[in-house]
Amino acid sequence: MPKDIKEVLYAVIDDIGRERIRADVSSNIESSRKYCAEIVDRCTHDLGGEANDDEALGNLCEALLHFMLTASLLPSERKVTVDGTELDVVVPSVKNLAKSPDKTLVIQVIKANADMARIKQAQAVQKNIENLWIISARKVDYKGRNYHLGNAKFQYSSVVSDIRAFLARKGVSSLKMLHG
């Protein structure tokens with residue numbers, strides 16, 4: 001019976017301490033690298049044989065990215081449709097994508113070879129390949145940034161701090177205002 005990826009993920013996050021992660025990552029974005037690496041490592045251990053499944057790992061990477069974007073207070077919109085194309089994550093916002101695509105990141109999570117068409121679809125919305133990042137379990141055939149779990153130039157564990165650096169470089173206000 002397949003394990004629920006989000007259950008495994010949040011069990012690990014709760015074990016480490018959700019508030020501790022939030023406090024550390026929101027005050028020092030670089031700590032996201034350590035937490036992402038540790039969380040992925042512990043989750044893949046807990047998933048056992050399922051950790052060899054690209055779709056399961058893609059789901060893990062996507063769910064962890066959503067958690068870390070929230071924890072780090074980085075502005076983003078998730079699971080949005082723009083011009084008929086479903087986008088997994090837009091940083092900082094869809095409104096910003098329409099107004100200033102050069103200052104906006106689109107992140108697509110590729111979970112299987114069948115998802116590769118989603119890259120081309122996203123390129124119709126975000127034409128600048130430098131601002132279209134791909135997250136996948138293993139390296140995929142893509143000329144831009146491909147964050148994955150293998151040992152590579154773009155390690156998955158660095159994606160959150162790289163998003164923050166992108167926003168800083170582009171002069172985009174990078175902290176979400178918390179409505180409390």
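Six of the seven residues of strand S2 are buried, so this strand is largely enclosed by the rest of the structure; buried here stands for under 20% relative accessible area, exposed for over 50%, and partly exposed for what lies in between, with a 1.4 Å probe and protein chains only. The model is a predicted one, in which local features need pLDDT of at least 70 and side-chain atom pairs count only at pLDDT 80 or more, while totals for chains, interfaces and linings use all residues. Residues are numbered from 1 along each chain as its sequence is written, and side-chain values use heavy atoms, with hydrogens and water left out.

## The sheet

Helices (H or I, at least four residues) and strands (E, at least two) are DSSP runs, numbered from the N terminus. Five strands form an open sheet of mixed pairing, in the order S1-S2-S3-S4-S5, where two strands are taken to pair if DSSP finds at least two bridges between them. The edges are formed by strand S1 (77-82) and strand S5 (146-148), each of which pairs on one side only. From one strand to the next, the twist averages 35°.

Strands of a sheet pair through backbone hydrogen bonds, either parallel or antiparallel. The table sets out three of the pairings in this sheet.

| Strands | Sense | Bridges |
|---|---|---|
| S1 and S2 (residues 85-91) | antiparallel | five |
| S2 and S3 | antiparallel | three |
| S3 and S4 | parallel | five |

Individual residues place these pairings in the model. Threonine 81 stands opposite glutamate 86 in S2, and arginine 78 has valine 89 of S2 as its bridge partner. Valine 91 stands opposite leucine 105 in S3, whereas isoleucine 107 stands opposite tryptophan 133 in S4.

In a regular strand the side chains alternate between the two faces of the sheet. Strand S3 is mostly covered, with six of its six residues buried, and this holds for both of its faces: Leu105, Ile107 and Val109 are buried on one side, and Val106, Gln108 and Ile110 on the other.

## Helices on the sheet

Contact means heavy atoms within 4.5 Å, and axes are lines fitted to C-alpha atoms, for helices over the stretch in contact, with angles that run from 0 to 180 degrees between N-to-C directions. The pairing of S1 and S2 over five bridges belongs to a sheet on which two helices can be described. Helix H6 (residues 117-125) packs on the sheet and touches S1, S2, strand S3 (105-110) and strand S4 (132-136), its direction making about 65° with that of S2. Helix H7 (residues 159-170) also packs on the sheet, where it touches S2, S3, S4 and S5, and its direction makes about 175° with that of S4.

Helix H7 packs against H4 as well, at an angle of about 50° and with the two axes 10 Å apart. That makes H4 oblique to H7, given that angles under 35 degrees count as roughly parallel, over 145 as roughly antiparallel, 65 to 115 as roughly perpendicular and the rest as oblique. At this interface Leu65, Met68 and Leu69 in H4 meet Val159, Val160 and Ile163 in H7.

## The nonpolar cores

A nonpolar core is a set of buried Ala, Val, Leu, Ile, Met, Phe, Trp, Tyr and Cys residues joined through side-chain atoms within 4.5 Å. The largest such core has 45 residues, and those with the most contacts inside it are Ile39, Leu65 and Ile163. At least two residues of this core come from each of helix H1 (5-16), helix H2 (18-27), helix H3 (31-47), helix H4 (54-71), S2, S3, S4 and H7. Helix H4 gives the most to this core, with eleven residues.

Leaving aside its neighbours within four places in sequence, leucine 65 is in contact with Val89, Ile107, Ile135, Tyr156, Val159, Val160 and Ile163. Apart from the largest core lies another, of 14 residues, which include Val90, Val106, Ile110 and Ala122.

## Backbone features

Most residues other than glycine have a negative phi, and most peptide bonds are trans. The peptide bond from valine 91 to proline 92 is cis, with omega near 0°, and proline 92 lies in the loop between S2 and helix H5 (94-99).

Leucine 73, in the loop between H4 and S1, has a positive phi of about 65° although it is not a glycine. In the hairpin of S1 and S2, which has two residues between the strands, aspartate 83 takes a positive phi near 50°. Lysine 79, found in strand S1, has a positive phi of about 50° although it is not a glycine, and this lysine 79 is partly exposed, with a relative accessible area of 42%.
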